[in-house]
Amino acid sequence: MRVRAQAVSIPLERPTRISTRVLGARDFVIVTIEPDSGDEVGLGYTYAGTSGGSVVAEIINTLLAPVVVDRGTDGVVDTWEAMFQETLLIGRRGAVIRAMSAVDIALWDLAAKRAAVPLAVLLGGSMRGVPAYASGGYYREDPQGWAAAVTREISANRAAGFTDHKIKVGGLSVQEDARRVAAAVESMEGTGRLALDASNAYRTAGEAQTAAEAFEAAAGDTGLWWFEEPLSMEDVQGLARVRDRIRTPVATGEIAQTRHEFRPLIAADAADILQPDAGVLGGVTEYMRVVRAAETFAMPVAPHWHANLHVHLAAASTTCLTVEHFTLDKDIYNFERLLVPESRLKVVDGRAQVPDRPGIGLAFDTDAVTAFESPVGVA
């Protein structure tokens, strides 16, 4: 059996930022698992960050691949546990967990292909479409101003069939961001919902509360769908205080790793909505564990990024509100530049369609992967 990880780095074509960093490129890691017998190949992937893809790929090739080869491709959950145990001394967070995520996703893709069903069906879900929202509203210089840029983007989202939207906040003054919120709401023309993502912009619960109240006032009677990551996820008590003091639901969890970091969020009532990311928290195996806990406590889930994968996981759970979608022309989440066009996720009237192909349904464009590939294991 062969387990191989490749790192790719896809530059963004326009200068872009969020509240906490400038985005120059997106680093992804692709995992291929080729068993000794059969024609099926398992494909997995993760987002490594704006750099670091080669590090994640090297962890897979040197540390995790031998575990998978030793155990074989049967018993995905057992293999997850073996990888988790193997990484005890090197550190079971950050790049290591993202590496585990990509391998686990590839193993589940292979399992579904062997069963000749989409991953959603293998996990007990249906083929019904899943609600999706148009994510964006990043900070890019615009000659007509920040609010005008949001207005155009919301209008484009609606033209593409979306009624629900999300924009960034926290990268400008509260007053300027409030004007952007008001512009977004006006552009929605009384339909749909608007979520805000602060990307950990605020230092204290008080700062986050002040910002949230200004944004709530700007949204008027329309209100806000959720307020995402007002504080660092590590500040569990601060998140709980913000949640207790504002009208808008608080969402967090996109950086949480393994079920062990979601447990305190649930226990402290620190979030109204959980945002697990299968590429961050440990793959499909760990995602489904977190979602089952959310179902137990009747907590809504809105997974972060990776709609190509999350559409399957959403279809196999009962608590998912929506999946996050970026149209490729926005050049924000540019993963689909690596896929052949026919395997890119389809969204019809604001609903992401579960691919009817076996597995996750990905088909990589080998020329694109080669063009963006980064060296791995080079001193």
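What follows is a chat about how to read some features of this predicted model.

Reader: Let's start with the whole chain. How many helices and strands are there in the chain?

Author: The chain holds 13 helices and 13 strands.

Reader: And how does the radius of gyration of the chain fit a compact globule?

Author: For 379 residues, a compact globule would come out near 21 Å, and the chain has 20 Å, so the two agree. If you want a box to picture, the C-alpha atoms fill roughly 60 × 45 × 40 Å along the principal axes.

Reader: What share of the residues count as buried?

Author: Of the 379 residues, 58% do. As for the outside, the chain exposes about 14900 Å², and carbon and sulfur atoms supply 50% of that area.

Reader: What do the contacts say about residues 24 or more positions apart?

Author: Take the contacts in the chain with a separation of 6 or more: residues 24 or more positions apart account for 71% of them. Ala132 gives you a case to look at. You'll find Ala132 in strand 4, residues 130-135. Its C-alpha atom is separated by 5.0 Å from that of Thr322, although the two are 190 residues apart along the chain.

Reader: Is Ala132 buried or exposed?

Author: Ala132 has a relative accessible area of 5%, and buried means under 20%, so Ala132 is buried. Setting aside residues up to four places away in sequence, Ala132 touches Phe162, Thr322, Val323, His325, Gly350, Arg351 and Ala352.

Reader: Now the aromatic rings. How do I describe a pair?

Author: A pair of aromatic rings is described by two things, the distance of the centres and the angle of the planes. Searching the whole structure here turns up 18 aromatic pairs. Try Phe215 and Phe227: the ring centres are 6.2 Å apart and the planes stand at 80°, so this pair is edge-to-face.

Reader: Where in the chain do Phe215 and Phe227 sit?

Author: Phe215 belongs to helix 7 (residues 205-219) and Phe227 to strand 7 (residues 227-228), so to speak two distant parts of the chain linked by the pair, 12 residues apart. Phe215 counts as buried at 1% relative accessibility, and Phe227 is buried with a relative accessible area of 1%.

Reader: Which residues do ring pairs link into a cluster?

Author: Look for Phe28, Tyr45, Tyr47, Tyr138, Trp305, Phe326, Tyr333, Phe335 and Phe364.

Reader: What about charges over rings? Which ring does Arg17 lie over?

Author: Arg17 lies over the face of Tyr139, 4.8 Å from the ring centre. There's also Arg289, whose charged end sits over the ring of Trp80 at 5.2 Å from its centre.

Reader: Back to helices. How should I think about the sides of one?

Author: An α-helix has 3.6 residues a turn, so residues three or four places apart point the same way. Now look at helix 8, residues 236-245, where Val236, Gly238, Leu239, Ala240 and Val242 are buried.

Reader: What do the buried residues of helix 8 pack against?

Author: They pack against helix 7, strand 8 (250-252) and helix 9 (258-267).

Reader: Helix 7 again! Is Ala218 in helix 7 buried or partly exposed?

Author: Ala218 has 24% relative accessibility, so this residue counts as partly exposed. Beyond residues up to four places away in sequence, Ala218 touches Ala178, Val181 and Ala182. From Ala218 to Ala184 the C-alpha distance is 9.8 Å, with their positions 34 residues apart in sequence.

Reader: One more: polar contacts. Which side chain does Gln6 make a polar contact with?

Author: The side chain of Gln6 makes one with the side chain of Glu373, at 3.4 Å. Gln6 is in strand 1 (residues 2-17), while Glu373 is in strand 13 (residues 373-374).

Reader: Are Gln6 and Glu373 buried or partly exposed?

Author: Gln6 is buried, with a relative accessible area of 12%, whereas Glu373 is partly exposed at 33%.

Reader: What else is Gln6 in contact with?

Author: Leaving out neighbours within four places in sequence, Gln6 is in contact with Phe28, Val29, Ile30, Thr32, Ala57, Val369 and Glu373. On the other side of the pair, Glu373 touches Arg4, Gln6, Ala7 and Val8, again not counting residues up to four places away. Glu373 and Ser54 are 319 residues apart in sequence, and their C-alpha atoms are 9.4 Å apart in space.

Conventions: Residues numbered from 1 in each chain as written. Predicted model: local features only at pLDDT ≥ 70, side-chain atom pairs only at ≥ 80, totals over all residues. Heavy atoms only, no water. Phe/Tyr/Trp six-rings, centres within 6.5 Å; stacked < 30°, edge-to-face > 60°. Helix = DSSP H or I, 4+ residues; strand = E, 2+ residues; numbered from the N terminus. Buried < 20%, exposed > 50% of the residue type's maximum accessible area, 1.4 Å probe, protein only. Lys NZ or Arg CZ within 6 Å of the ring centre and 35° of its normal. Rg over C-alpha atoms; globule rule 2.2 N^0.38 Å. Contact = heavy atoms within 4.5 Å. Areas by Shrake-Rupley, 256 points an atom, 1.4 Å probe, with all protein chains shown as cover. Polar contact = N/O pair within 3.5 Å; in protein donor to acceptor, adjacent residues only side chain to side chain.
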